[in-house]
Amino acid sequence: MGMMDTKRQWMNVWISFYLALFIVTKLEGISAQIRYSVQEELKPGTAVGNVAKDLGLDLGKLMDRNLRVVSGTKQDLFKVNSRDGVLFVNQRVDREELCAKTIPCVTNLKAVVENPLEMHQIIVEIMDVNDNSPKFPEENYTMEVLESAVVGSRFQMEGAHDLDVDLNSIYSYKLNHNQYFRLETEEFGEEGKVPFLALQRPLDREHTAQHWLLLTATDGGKPSKSGTINVTVIVSDVNDNSPVCDKQKYIITIKENAPAGTFLLTVNASDSDEGLNGEIEYSLRSKLRGLSPDLFDLNSKTGKLTLKDCLDYEDKQVYEIKVLAADKGVVSLSTHCNVVVRVEDVNDNNPEIDITSLSSRIPENAPPGTVVALMGVTDLDSGVNGQVVCSVPRDLPFDLKPSPDGQSYSLVTKDYLDKEKTHMYNITITAKDLGSPALSSTKVIQVDVLDVNDNSPLFTESPYTFHIPENNKAGMSIFSVSASDADGGDNAIVIYSLDRKNSGSTIASFLNINEANGTILALKSFDFETLKTFQFHVVATDSGSPSLSSNVTVNVFILDQNDNAPVILYPVSSNGSAEGVEEIPRNVNAGHLVTKVRAYDADIGYNGWLLFSLQEVTDHSLFGLDRYTGQIRTHRSFTETDEAEHKLVILVKDNGNVSLSATATVIVKLVEPKEAFAVSDVKSAAKVDEEDNVTLYLMITLGSVSLLFLISIIVLIAMQCSKSTDYTSKYLQETNYDGTLCHSIQYRSGDKRYMLVGPRMSIGSTIVPGSHANTLVLPDRRRTSEEFY
């Protein structure tokens, strides 16, 4: 009893010590290690300890760091409060279910926090409480004892079994008071105390044939628990020798992969009796000690022990078997032979990879060394068979960093990532043990690369050149620009805007752009006669943070449309109408110039090329009109029968696709020669002034048109010289036009023909294509016309 009290005191000291102990060990992959002690069977929710405080974590940032514990088992016995860091019991903890007889009983947890990613090891020792009563294999036990048994003979009993350990296991046995038997106990290794019934006085079957005893097993817990068995002792008067094993303990070592049927050993016992009392029969016992009847087979006659099923070192390393050797006497005597089977490990378990924490989305600008995942590796084998080495493919920008104990790894980046090249990685992690032959396993981790705004938008052309006809509808789109961004998500969403600062306030004021698709709208209708070309800048900005942008120059050329009707410059009456009166002598000859109709068209090219025709005339035989110059001449001499007054209506129209026109009325009066000279003298002065004014206006108009045309040509040449594009257009001279007001040159590009119309120039002049300004797209047609009507 003194030794047991001393043992109990030491156990109390150790329990107090473990409850107050935690160890923090700095590691590279697993940052710290904490040890707690907690009793089994505590209510769920009972606090074990404060992980955050013991690790020195900032409680204010605890929620953001996503504190959690990972057990690596199917049962989550413990959980941690992510708000205050308290580790608490999550469900019923049964030490006997977890560890059976193993001392100490510990469970390993991993505490994981993020931002930055860390993993800490938590060891929780489960302390035993006295929650199990001692239990005998059977409620009733019958034992036969020869009446010739001598005083002091001992009879071994099957001891009780208590699932608890240490002080809470079986502490003592007690036998009810009787005259014939007393109780003795002996320590027997892992089995603990084994009870024996010792005969203390001779038996007399004729006096008492049976004895009823009550054996009580009590554990050392406070309060203690107990279990009982009813023992019936039958007194017989024959077979007074029990079998004796030739060895106190049989020990055999066998590899776990030994096949079924493998011979282990032979149990041999001898009995000095003769006949049936000396014949021994063997049987397996001690099922309460964890022996599986399906693993071993015992020949009841020879005592040969063989393997019946496969062993598993990871399940159990040592089997303690009790073989009952009993004779065949009427009152059978027996003894127990102890057999120990030790299992030797072989490399039959693949390593297992347990991903404890994973950051599956990594930004492409993450620096080398960024932690992607934390993982633990386990191998149920032992020795070199349980040592594991992990690796990843070398062609990937990732690497594995082991912890000092080799049980954990950190998956980190070893180079910068580029989402535009690879947007996702499937990382195959290979775990390989050092056994022979080696076994391995793999696990695939998918890591998505998050886009970072590192690419500016890129326009499809630079610069842009557009040709739009004048008189466009205000508020409608005229053209669009487009830019793309190699980034993804919001970083690739392009917003368009006008660079009003560099484009000029005047031009930017009549343009607008759709910021979503780059469509450009004109807020006003363009007039070729006032604006022939302009330039502005468009900015494309992505939606990243910070945003990136690029700009492009847009050159716009306005194409002329036939939107101006010819304007009659002469004749013009005093009230502004296109009417005039011409008096000529009656005796003029054929071909006499009566007058010249002058007109102007603000358009250019065919749209400004004017043709004259007689729409109405009193006598077609008297007057003729030059269709190009507008000169009116007489066809023949006048006769006495010709009328004295003739009305001529001249139609002036341009050559647009939809031609516009104007009319002028000339009244020709025939006078006698003397009157004609008098009238001529009176009008000469006024007419000279009028013609001078008309000539001045015509020169100013033609000069302005020529100047604008030259400016357009210079701009076109300058723009084309700045480009490296080679043009293979063939230039053709227009051969069927012989006008006096303008000159045209045609050139061909692809399946279209273009005409450039302007002041007369030499045929050898260089025309540089590339812009449609001041050009007309012509169908392949030829017009034939007569010179006079």
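Here is a short back-and-forth about the predicted model shown above.

User: Before we dig in, what percentage of the residues score at least 70 in pLDDT?

Analyst: This is a predicted model, where local features need pLDDT of at least 70, side-chain atom pairs count only at pLDDT 80 or more, and totals for chains, interfaces and linings use all residues. Residues are numbered from 1 along each chain as its sequence is written, and side-chain values use heavy atoms, with hydrogens and water left out. As for pLDDT (the predictor's confidence in each residue, from 0 to 100), the chain averages 79. The share of residues that score at least 70 is 83%.

User: Which strand has the lowest mean pLDDT?

Analyst: Helices (H or I, at least four residues) and strands (E, at least two) are DSSP runs numbered from the N terminus, and the chain has six helices and 53 strands. At the highest end for mean pLDDT sits strand β47 (residues 631-634), with 93. At the lowest end, with 33, is strand β50 (residues 730-733).

User: Over residues 724-789, how many contacts beyond four places in sequence does the model have?

Analyst: Contact here means heavy atoms within 4.5 Å. pLDDT stays under 50 over residues 287-291, and the model has ten contacts beyond four places in sequence for them. It also stays under 50 over residues 724-789, where the number of such contacts is 134.

User: What share of the chain is buried?

Analyst: Buried means under 20% relative accessible area, exposed over 50%, and partly exposed in between (1.4 Å probe, protein chains only). The chain exposes about 41600 Å², with carbon and sulfur atoms supplying 51% of it. Out of 789 residues, the buried ones make up 43%.

User: Why is strand β1 described as largely enclosed, and which residue is the bridge partner of serine 37?

Analyst: Strand β1 covers residues 33-39, and five of its seven residues are buried, so the rest of the structure largely encloses it. Two strands pair if DSSP finds at least two bridges between them; β1 is joined to strand β7 (residues 118-127) by seven, and the two run parallel. Over in β7, the bridge partner of serine 37 is glutamate 125.

User: And β45, which residue stands opposite phenylalanine 612?

Analyst: Strand β45 (residues 611-617) is mostly covered, with five of its seven residues buried. Six bridges pair β45 with strand β48 (residues 645-653) in the antiparallel sense. Opposite phenylalanine 612, in β48, stands valine 652.

User: What is the strand order of the open sheet with three strands, and what is the bridge partner of arginine 182?

Analyst: The open sheet of three strands has antiparallel pairing and the order β9-β12-β11. Its edge strands, each pairing on one side only, are β9 (154-156) and β11 (181-187). Seven bridges join β11 to strand β12 (residues 193-199). In β12, the bridge partner of arginine 182 is alanine 198.

User: How about the open sheet of four strands: which residue is the bridge partner of tryptophan 212?

Analyst: That sheet has mixed pairing and the order β8-β14-β13-β10, with β8 (140-146) and β10 (170-175) as the edge strands. Nine bridges join strand β13 (residues 210-219) to strand β14 (residues 226-236), and these two run antiparallel. In β14, the bridge partner of tryptophan 212 is threonine 232.

User: Is valine 165 buried or exposed, and what is its relative accessible area?

Analyst: You'll find valine 165 in the loop between β9 and β10. Leaving aside neighbours within four places in sequence, valine 165 is in contact with Arg95, Ala100, Lys101, Ile103 and Asp128. Glycine 220 is 55 residues away from valine 165 in sequence and 9.6 Å away in space, C-alpha to C-alpha. Valine 165 is buried, and its relative accessible area is 6%.

User: Which backbone oxygen does the side chain of asparagine 347 reach?

Analyst: Asparagine 347 sits in the loop between β23 (334-344) and β24 (352-358), and it counts as buried because its relative accessibility is 16%. A polar contact is a pair of N or O atoms within 3.5 Å; within protein, one must be able to donate a hydrogen and the other to accept it, and residues adjacent in sequence count only if both atoms are side-chain atoms. One such contact, of 3.2 Å, joins the side chains of asparagine 347 and aspartate 433. At 3.0 Å, the side chain of asparagine 347 reaches the backbone oxygen of proline 437.

Key:
Areas by Shrake-Rupley, 256 points an atom, 1.4 Å probe, with all protein chains shown as cover.
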